[in-house]
Amino acid sequence: MLLDEPLSVRLAALEQVVPAAFRTTGVRVDPAEPGGAERAATRFAEVVAAGQEGLVIKDLAAPYQAGRRGSGWIKVKPRHTLDLVVLAVERGNGRRAGTLSNIHLGARDGDGFVMLGKTFKGMTDAMLAWQTERFAELADRPTDGYVVRVRPEQVVEIAFDGVQRSSRYPGGVALRFARVLRYRDDKTADQADTLADVRALASGPLDARG
């Protein structure tokens, strides 16, 4: 049985019994070797340019682990960032009860803003406490008891993996796996990124998922 053997041994066995034409090719890179990190970065850029989401990096010393997440396999995807404006915030529940948690994200479009999605990912407890107070100050419209509409003044830096088509939002696009990096008190809402900026980040046809 090869399941408990490291990946390097399993790959060697695979190469002996499966012709190259029928194997999925990978690149073996040791980042510690001279030029190793550059080779890995080049390969990453190639697959992203070809329309793939990214790479799966595998530890050659790791045994096979069916159905488990671990450090032996790590998915690496490109990270984009945008400065967007908070349009509304949702009241938290569960562990986040009593806070203003999930934020609605908007990009500038003409004289207004277009919603691109919402997220609570990336928020620390300190950030939740700060934004609960901040958005209570910015709330100036009627709420439905769950969603608190706020004046579009607070800029937030968002990281995300890509842009996809969406019939849910009026701009026709949404951010994939959006998460909060930081709030930008050094920027005003009229300095936030635009819907055109968001569309420009989509390489080729927009992802149709979502």
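Select Q131 to begin: at 0% relative accessibility, Q131 counts as buried. The model on display is a predicted one. Q131 lies in helix 3, which spans residues 125–138. Leaving aside residues up to four places away in sequence, Q131 touches L100, S101, I103, M123, A136 and Y183. Add D83 to the selection: the C-alpha atoms of Q131 and D83 are 16 Å apart in space, and the two residues are 48 apart in sequence.

**Along helix 3**

Move next to T132, also in helix 3. Is T132 buried or exposed? T132 counts as buried, because its relative accessibility is 19% and the cut-off for buried is under 20%. The side chain of T132 reaches the backbone nitrogen of L100 at 2.9 Å. Beyond residues up to four places away in sequence, T132 touches G98, T99 and L100.

**Strand 4 and its partners**

From L100, extend the selection to strand 4, residues 100–109. Eight of the ten residues of this strand are buried, so strand 4 is largely enclosed by the rest of the structure. Strand 3 pairs with strand 4 in the antiparallel sense over five bridges, and R91 stands opposite L100. With strand 5, residues 112–119, strand 4 forms seven bridges, again running antiparallel. To see one of these pairs, select H104, whose bridge partner in strand 5 is K118. The hairpin of strand 4 and strand 5 has two residues between the strands, and there G110 takes a positive phi near 65°.

**Strand 7**

Now select strand 7, residues 155–160, where six of six residues are buried. V155, E157 and A159 point one way from the strand, while V156, I158 and F160 point the other way. Which strands join strand 7 by bridges? Strand 3, residues 80–91, is joined to strand 7 by six bridges in an antiparallel arrangement; H80 has F160 as its bridge partner. Strand 10, residues 179–183, is joined to strand 7 by four bridges and is likewise antiparallel to it. In that pairing, the partner of A159 is R179.

**Salt bridges**

The count of salt bridges comes to nine. Select R95 and D125 for one of them, with the closest N and O atoms 3.3 Å apart. R95 lies in the loop between strand 3 and strand 4 and D125 in helix 3, so this pair ties together parts that are 30 residues apart in sequence. Both R95 and D125 are exposed.

Continue to E153 and R151, whose salt bridge has its closest N and O atoms 2.9 Å apart. E153 is partly exposed, with a relative accessible area of 37%, and R151 is partly exposed at 28%.

Then select R184 and D186, whose side chains meet in a salt bridge at 2.7 Å, N to O. Salt bridges with shared partners join D83, R184, D186 and K187 into one network. Within it, R184 is buried, with a relative accessible area of 10%, whereas D186 counts as exposed at 53%.

**A surface patch**

Finish with M1, L3 and Y64, which make a nonpolar surface patch of about 390 Å². Y64 is placed in the loop between strand 1 (55–58) and strand 2 (73–76). With a relative accessibility of 42%, Y64 counts as partly exposed.

Notes: Residues are numbered from 1 along each chain as its sequence is written. This is a predicted model: local features need pLDDT of at least 70, side-chain atom pairs count only at pLDDT 80 or more; totals for chains, interfaces and linings use all residues. Side-chain values use heavy atoms; hydrogens and water are left out. Buried means under 20% relative accessible area, exposed over 50%, partly exposed in between (1.4 Å probe, protein chains only). A polar contact is a pair of N or O atoms within 3.5 Å; within protein, one must be able to donate a hydrogen and the other to accept it, and residues adjacent in sequence count only if both atoms are side-chain atoms. Contact means heavy atoms within 4.5 Å. Two strands pair if DSSP finds at least two bridges between them. Patches are made of residues with over 30% relative accessible area and no salt bridge: like charges are joined within 9 Å, nonpolar side chains (Val, Leu, Ile, Met, Phe, Trp, Tyr) within 5 Å. Accessible areas come from the Shrake-Rupley method with a 1.4 Å probe; for residues, only the protein chains shown count as cover. A salt bridge is a side-chain nitrogen of Lys or Arg within 4 Å of a carboxyl oxygen of Asp or Glu.
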